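Visitor: I am new to this structure and would love a close look at a single part of it. Please show me how one pair of helices sits together, and then lead me on to the places around it.

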Amino acid sequence: MNWKQNSLYLIADFSYGLEKLTKALACGVDILQLREKDISSAEYLKRAKLMRELTKKYNTLFIINDRLDIAMLSGADGVHLGQSDVPADEARALMGKDKIIGVTAKTVEQAVKAKQDGADYLGSGAWYTTTTKADATLISEETYREILRKSGLPNVAIGGITAENCDKPLRCGANGLAVAAGILKGDVEKNIKAFRAKL
């Protein structure tokens with residue numbers, strides 16, 4: 001995987017509306033991860049196929065959260081796996097070497113294992129309290145730097161990140177910023193421009 005340094009990584013779901021998601025793609029996010037909760041597999045696949053077509057149009061990498069089956073059936077560029085999902089090495093065996101596999105790593109041990117299992121990148125946090133994951137544990141700068149050092153993988157910082165508070169993870173060496181509400185709440189174009197200025 002050819003990871004672009006300083007990637008703006010949008011985590012999106014349809015609760016924000018298709019218009020906002022399309023606007024974000026038009027304004028130039030590098031990666032879009034579709035993360036849908038509490039919907040049927042059939043509906044998830046339908047939304048994934050729609051986003052696959054849109055992301056192709058805007059030349060944006062398309063990642064599916066958690067669901068390896070949806071990623072494969074929709075023709076996504078890859079999948080992002082949590083610690084309770086299919087292991088990265090198993091996903092790699094099914095998806096092949098050309099697909100992108102990301103793994104959530106909150107500890108150094110998880111990061112090292114993800115690297116051994118063939119992950120392409122990591123997502124680490126939470127940096128700040130967030131409305132999307134109420135139970136998220138905050139990561140320390142020390143742990144984050146150690147994750148970067150020990151894994152050697154590109155890492156997107158995640159968790160409550162906005163254009164106003166993203167300096168800290170970037171200073172620690174984040175290769176990108178994974179953002180949901182920080183982009184999709186309010187003026188999408190203005191939010192993306194603010195992130196781009198920081199990146």
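**Helices side by side**

Guide: In this predicted model, helix α5 (residues 108-116) packs against helix α6 (residues 141-151) at an angle of about 25 degrees, and their axes are 9 Å apart. From α5, the residues V108, A111, V112 and K115 make the contact, and from α6 they are T143, E146, I147, K150 and S151. Sorted by class, the contact of α5 with α6 has four nonpolar, two polar and three charged residues. An angle under 35 degrees counts as roughly parallel, and therefore α5 and α6 are described as roughly parallel to each other. As for handedness, α5 passes α6 in a right-handed crossing.

If you follow the chain back from α6, you come to the loop that joins β6 (121-125) to α6, and A126 lies there. The peptide bond leading from G125 into A126 is cis, with omega near 5 degrees.

Now let us turn to another pair, α1 and α2. Their axes come within 10 Å and cross at roughly 30 degrees. By the cut-off of 35 degrees, α1 and α2 are therefore roughly parallel to each other. Here, α1 passes α2 in a right-handed crossing. On the α1 side you can look for L18, L21, T22 and L25, which meet L50, M51, L54 and T55 in α2. The residues of this contact of α1 with α2 divide into six nonpolar, two polar and no charged. It helps to keep a general rule in mind here. An α-helix has 3.6 residues a turn, so residues three or four places apart point the same way.

Let us stay with α2 a little longer. It covers residues 41-57, and at 1.5 Å a residue its 17 residues should span 24 Å; the end C-alpha atoms are 24 Å apart, which agrees. The buried residues of α2 are Y44, L45, R47, A48, M51, R52, L54 and T55. What lies over them? The cover includes α1 (18-27), β2 (31-34), β3 (61-65) and α3 (68-74). Just after α2 ends, N59 takes a positive phi of about 55 degrees.

From R52 in α2 we can step across to A76, since R52 is among the contacts of A76 beyond its neighbours within four places in sequence; the others are F62, I64, A71 and K99. A76 lies in the loop between α3 and β4 (78-81). Its relative accessible area is 0%, and because buried means under 20%, A76 counts as buried. A76 and K56 are 20 residues apart in sequence, while their C-alpha atoms are 9.8 Å apart in space.

Two more backbone spots are worth a visit. D66, in the loop between β3 and α3, has a positive phi of about 70 degrees although it is not a glycine. D66 counts as partly exposed because its relative accessibility is 22%. The other spot is N6, in the segment before β1 (7-12). N6 is also not a glycine, and its phi is positive, near 60 degrees. With a relative accessibility of 26%, N6 counts as partly exposed.

How values were computed:
Residues are numbered from 1 along each chain as its sequence is written. This is a predicted model: local features need pLDDT of at least 70, side-chain atom pairs count only at pLDDT 80 or more; totals for chains, interfaces and linings use all residues. Side-chain values use heavy atoms; hydrogens and water are left out. Helices (H or I, at least four residues) and strands (E, at least two) are DSSP runs, numbered from the N terminus. The expected span of a helix is 1.5 Å times one less than its number of residues. Buried means under 20% relative accessible area, exposed over 50%, partly exposed in between (1.4 Å probe, protein chains only). Contact means heavy atoms within 4.5 Å. Axes are lines fitted to C-alpha atoms, for helices over the stretch in contact, and angles run from 0 to 180 degrees between N-to-C directions. Angles under 35 degrees count as roughly parallel, over 145 as roughly antiparallel, 65 to 115 as roughly perpendicular and the rest as oblique. A crossing is left-handed if the near helix is turned anticlockwise from the far one by less than a right angle, and right-handed if clockwise. Ala, Val, Leu, Ile, Met, Phe, Trp, Tyr, Cys and Pro count as nonpolar, Asp, Glu, Lys and Arg as charged, and the others, Gly among them, as polar.
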